[in-house]
Amino acid sequence: MTDFRSDTVTRPSEAMRDAARDAEVGDDVYAEDPTVNELEARAADVVGTEDALYVPSGTMGNQIAIRTHTEPGDELLCERESHVYKWELGGIAQHSGVQARTIDGDERGVITAAQVREEYVAADGHRPGTSLLCLENTHNSKGGTAIAPEDVTAAAEAARERGVAVHLDGARLFNAAAALDVPASDLVAPVDTVMFCLSKGLGAPVGSVLAGPAEFIERAHRARKLFGGGMRQAGVIAAPGLLALGNRTRLEEDHANARLLAEGLSGVEGLSVHDPETNIVLADTERPASEFLAALEDEGVRASEFGEHQVRFCTHWDVDGSDVEAAVTAAERAS
Ligand SMILES: *Cc1c(COP(=O)(O)O)cnc(C)c1O
């Protein structure tokens, strides 16, 4: 079975397993795990922030960020299809007591400075007050679109002019950086905090990073404990994470495979394929997506349902050019 459902399905490499076994460890709740400390320092360095916090998942990283940036009863702004709003079980309300006000981005998920200004509300006797803007890059639901630094900056500046903090859900930050050919720090500079996943295209078995100013990370550390994310000898999982950080340059391979896959799928009758910008390929299906996917699975290929008539293929380091060809053949039979 070839698995294109997500870039989270990768198995750790032998080198990662070795690193896990050999990791120097300590109690990370006391901040005494040298491997976690090294990972946090390196991660902060890579994205250009003062400090960083290792967290078990991207979802927890985002939710800790929201909790730390806001007070109960605040409002936050986010794109309508954003992960924090759509795919995190209503955590904004559940964990932080915050109300989300959504903004319709364009077809690539970009929201403009004018939209941020228009949706911002100042706290008064009736209105909750906006305290946070959440951006997403790459934008998952829009097909892994890589939002340019100037678009991030425009929306972020509109927020910050009003004293509104900005958090970037950069689960696939390094895919965006690779596609745009800019350092990841250029995409992070306009915002206050960023979360990125080690467990997606970078290939770590587990883990994400929340990065930002030292004062913020200190408070986020408390929220991580509150959310049950305080881990002990976490160096065992942070060690593969350190290797994952070094995998940033391999993401271009996934992007090339995604382009190859999109090209192949666009010749399949009954599929309408979106041009991929990174490692995600969306295709609209003539058949109901669930039927297409079941037939595809019978041909040995898995992808995920993204709408009643839309499916998502993700490329990652466990699929290569021949898997892509096999997927196209399978899609021809399944369509
Ligand atoms: C995967 C993803 C997350 C969450 O990461 P998990 O580690 O799966 O919790 C958050 N945001 C975006 C955009 C994602 O794609």
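These questions and answers go through cysteines and one sheet in a predicted model.

Me: How do you know that Cys197 is not in a disulfide?
Reply: A disulfide needs two cysteine sulfur atoms within 2.5 Å. The closest cysteine sulfur to that of Cys197 is in Cys314, 12 Å away, so the pair is too far apart for a bond. Seen from Cys314, the closest cysteine sulfur is that of Cys197, again at 12 Å and too far. The count of disulfides is zero.

Me: Why is Cys197 called buried?
Reply: Buried means under 20% relative accessible area. Cys197 has 6%, so Cys197 counts as buried.

Me: What makes Cys314 buried?
Reply: The limit is again 20%. Cys314 has a relative accessible area of 0%, and is therefore buried.

Me: How do you know that β10 and β13 pair?
Reply: Pairing requires at least two bridges between two strands. Strand β10 (residues 280-285) and strand β13 (residues 310-314) have five bridges, in the antiparallel sense. Asp284 stands opposite Gln310 in β13.

Me: Why are β9 and β12 said to stand at the edges?
Reply: The open sheet has four strands in the order β9-β10-β13-β12, with antiparallel pairing. β9 (271-273) and β12 (304-307) each have a single partner strand, so one side of each has no neighbour in the sheet. On average, neighbouring strands of this sheet are turned by 35° against each other, direction ignored.

Me: Which helix lies across β9, β10, β12 and β13?
Reply: That is helix α13 (residues 289-298), which runs at about 40° to β13.

Methods
Residues are numbered from 1 along each chain as its sequence is written. This is a predicted model: local features need pLDDT of at least 70, side-chain atom pairs count only at pLDDT 80 or more; totals for chains, interfaces and linings use all residues. Side-chain values use heavy atoms; hydrogens and water are left out. Buried means under 20% relative accessible area, exposed over 50%, partly exposed in between (1.4 Å probe, protein chains only). Helices (H or I, at least four residues) and strands (E, at least two) are DSSP runs, numbered from the N terminus. Axes are lines fitted to C-alpha atoms, for helices over the stretch in contact, and angles run from 0 to 180 degrees between N-to-C directions. Contact means heavy atoms within 4.5 Å.
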